[in-house]
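Here is a short briefing on how the helices of one protein fit together. Look over the sequence and the structure before reading on.

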Amino acid sequence: MSDGKKTIAQALVYKALDNIKEQVKQEPLSIFEKAIQNVAPKMEVRPRRVGGASYQIPSEVRGDRKEALAIRWILTAAKTRGNKEFKTFDKKLAQELIDAANNTGAAIKKRDDIQKVAAANRAFAHFRW
């Protein structure tokens with residue numbers, strides 16, 4: 001939703017679910033749930049100052065934040081999708097949800113990048129509070 005336009009956002013999501021139903025011939029809500037589960041990160045890094053240095057400390061992501069990050073990343077990936085065949089946002093969103101359910105796409109890449117950074121900074125896990 002941008003600028004509080006809830007009805008427009010709802011209409012786009014419902015159109016995207018209809019597009020998923022036409023393309024995949026499966027239940028669109030199951031595709032949506034699977035996409036959210038696949039994109040949700042398990043670990044993230046948070047900055048923490050220790051002494052004079054700032055460390056990136058890996059930590060687990062809580063359930064509500066997992067879903068919020070997953071939805072945010074899917075929407076961002078759909079917005080930046082520049083395909084010529086998908087000109088409207090509802091088609092871009094539908095395709096991004098399908099890709100996320102199949103473990104491909106920009107949102108999955110974002111999750112993998114975050115997980116790699118967290119794995120690379122495991123040495124600083126003892127700074128957790």
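A residue is called buried when its relative accessible area is under 20%. That cut-off is used below for one glutamate, E96. The model shown here is predicted. The briefing covers the core, two helix pairs and E96.

**The nonpolar core**

- The largest nonpolar core has 23 residues.
- Those with the most contacts inside it are I20, A35, V39, I74, L93, L97 and A107.
- Five elements give two or more residues each to this core: α1 (6–24), α2 (28–39), α3 (63–80), α4 (89–101) and α5 (106–120).
- In soluble globular proteins, nonpolar side chains tend to be buried together.
- A35 is one residue to trace in the core. Beyond its neighbours within four places in sequence, A35 is in contact with I74, L97, A100 and A101.

**How α1 meets α4**

- The axes of α1 and α4 are 8 Å apart, and the two helices pack at an angle of about 55 degrees.
- That angle makes α1 oblique to α4.
- The crossing of α1 and α4 is right-handed.
- The residues in this contact divide into 10 nonpolar, three polar and three charged.
- On the α1 side, the contact is made by L12, V13, K15, A16, N19, I20, Q23 and V24.
- On the α4 side, they meet F89, D90, K91, L93, A94, Q95, L97 and I98.

**How α3 meets α4**

- The axes of α3 and α4 come within 9 Å and cross at roughly 125 degrees.
- So α3 is also oblique to α4.
- α3 passes α4 in a right-handed crossing.
- This contact has seven nonpolar residues, no polar ones and three charged ones.
- α3 brings I74, L75, A77, A78 and K79 to the contact.
- α4 brings F89, K92, L93, E96 and L97.

**A closer look at E96**

- Where does E96 lie? E96 is in helix α4.
- Is E96 buried or exposed? E96 counts as buried, because its relative accessibility is 1%, and the cut-off for buried is under 20%.
- Which residues is E96 in contact with, leaving aside its neighbours within four places in sequence? They are I74, A77, A78, R81, G105, A106 and A107.
- Among these partners, I74, A77 and A78 also belong to the α3 side of the contact with α4.
- I74 and A107, two more names from that list, are among the residues with the most contacts inside the largest nonpolar core.

Key: Residues numbered from 1 in each chain as written. Predicted model: local features only at pLDDT ≥ 70, side-chain atom pairs only at ≥ 80, totals over all residues. Heavy atoms only, no water. Core = buried A, V, L, I, M, F, W, Y, C linked by side-chain atoms within 4.5 Å. Buried < 20%, exposed > 50% of the residue type's maximum accessible area, 1.4 Å probe, protein only. Helix = DSSP H or I, 4+ residues; strand = E, 2+ residues; numbered from the N terminus. Contact = heavy atoms within 4.5 Å. Axes fitted to C-alpha atoms, helices over the stretch in contact; angles between N-to-C directions. Parallel < 35°, antiparallel > 145°, perpendicular 65-115°, else oblique. Left-handed = near helix turned anticlockwise from the far one by under 90°. Nonpolar A, V, L, I, M, F, W, Y, C, P; charged D, E, K, R; others polar.
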